[in-house]
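Q: I am new to this structure and would like a close look at a single part of it. Please take the helical region and its surroundings slowly, and then move on to what lies beyond.

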Amino acid sequence: MEASSTLRRIAFLLERSQAATYRVKAFRTAAEAVDAMGGDELADRVAHGSLEAVRGIGPRTAEVIRDSLTGATPRYLQRLEDEASVPLARGGESLLAALRGDCHTHSDWSDGGSPIEEMGRTAAELGHEWAVLTDHSPRLSVANGLSPERLRRQLDVVAELNEQWAPFRLLTGIECDILPDGSLDQEDELLERLDVVVVSVHSKLRMDAAAMTKRLLAAVRDPHADVLGHCTGRLVGGRTRPESEFDADEVFAACAEAGTAVEINCRPERLDPPLRLLRRAVAAGVLFSIDTDAHAPGQLDWQIHGCARAEKCDVPADRVITTWTADRLLEWTRGKAAG
């Protein structure tokens, strides 16, 4: 296996298992250093024992490089592959097999850790037919949200990449902040151009229930809104955060009426909505989107978390928009925006 590919595979598996960011970064940095050297210099440094003299390559990554150049599977990679053979969650396998895409992913244009190219390429390697790039909107400055000008530039970048990637398609999108009055944080003209719009609350999550209900109702009824992201805003791992309070039945009824899908967020620290609310959303007749909310390539493999929860709550597969083809998805989102 090519050395840089081996290093990136290790980084992917570390991200998938929620390893510390510094460990992931070490392998991605080493992969970039290998790419910059080229094959001749790499072979020469291995032969003379000077790999560790290269900035970005340490003892562990040097060992991986040397092993991969001999054609052997590095022990460190093999251990991670063995660990990855154990499912991340129990259940949901049949629904996972039916998924074709992911409506919620981030790149380093906002608060993701990897370039658009790497996120798209990894989604394709995982077997996705399509994925949606949904970097943050302007008001979320802490996440380097995209101004209208930066979003326009991103649309051009995605168009160029799609010319290279067929049949895989990277769809354009945004995770658009729901402002306190329920309006969406981006120009209408740009929202109309995007393939998929995920709307989420990221500020003032402790509003009183009546105000939060009104806020969410306005957002999910907006004709540009396609998916309601992580609806309660809770965090259940690491730095915990309680659920936002709102009338879930009223919000889910509005989603069903407007045709706005409810996201089943797969991030292990979110797992949003909670199971009790997910069952109420099923009863309300809403559509669903099983999304990773990935901020790194390895996180794109987290959809099993959402599939297991969906199966537990009897979510019908035909109501999951991430099982649809890209053409069907676009027909749906464009029809919503038009009508």
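A: What follows starts from one helix and moves outward to a strand pair, the cysteines and the nonpolar cores. The model is a predicted one, and the description should be read with that in mind.

Helix α2 covers residues 21-37, and its 17 residues reach 24 Å from the first C-alpha to the last, which is close to the 24 Å expected at 1.5 Å a residue. The buried residues of this helix are V24, F27, R28, A30, A31, A33, V34 and M37, and they pack against α1 (3-16), α3 (39-48), α4 (59-69), α5 (75-84) and α7. Just after the end of α2 comes G38, which takes a positive phi of about 90°.

The helix α7 named among those partners spans residues 116-125 and contains E118. With a relative accessible area of 12%, E118 falls under the 20% cut-off and is therefore buried. Setting aside its neighbours within four places in sequence, E118 is in contact with R8, R28 and P297; of these, R28 has already appeared as one of the buried residues of α2.

Beyond the helices, strand β1 (residues 130-133) sends W130 and V132 one way and A131 and L133 the other, and all of them are buried. In a regular strand, side chains alternate between the two faces of the sheet in this manner. β1 pairs with strand β2 (residues 169-177) in the parallel sense over 4 bridges, and within that pairing A131 has L170 as its bridge partner.

Turning to the cysteines, the count of disulfides comes to 0. C255 is in no disulfide, since the nearest cysteine sulfur, that of C231, is 8.2 Å away, whereas a disulfide needs the two sulfur atoms within 2.5 Å. C255 is also buried, at 1% relative accessibility. For C307 the closest cysteine sulfur is in C266, at 6.5 Å, and that is too far for a bond; C307 is buried as well, with a relative accessibility of 0%.

Both C266 and C307 return in the surroundings of I290, which, leaving aside its neighbours within four places in sequence, is in contact with L95, L99, G101, I264, C266, Q303, G306, C307, A310, V320 and T322. I290 belongs to the largest nonpolar core, a set of 49 residues in which L228, F288 and I290 have the most contacts inside the core. Apart from that core lies another, of 25 residues, including I10, V54, V64 and Y76.

Notes: Residues numbered from 1 in each chain as written. Predicted model: local features only at pLDDT ≥ 70, side-chain atom pairs only at ≥ 80, totals over all residues. Heavy atoms only, no water. Helix = DSSP H or I, 4+ residues; strand = E, 2+ residues; numbered from the N terminus. Buried < 20%, exposed > 50% of the residue type's maximum accessible area, 1.4 Å probe, protein only. Contact = heavy atoms within 4.5 Å. Expected span 1.5 Å × (residues − 1). Pairing = 2+ DSSP bridges. Core = buried A, V, L, I, M, F, W, Y, C linked by side-chain atoms within 4.5 Å.
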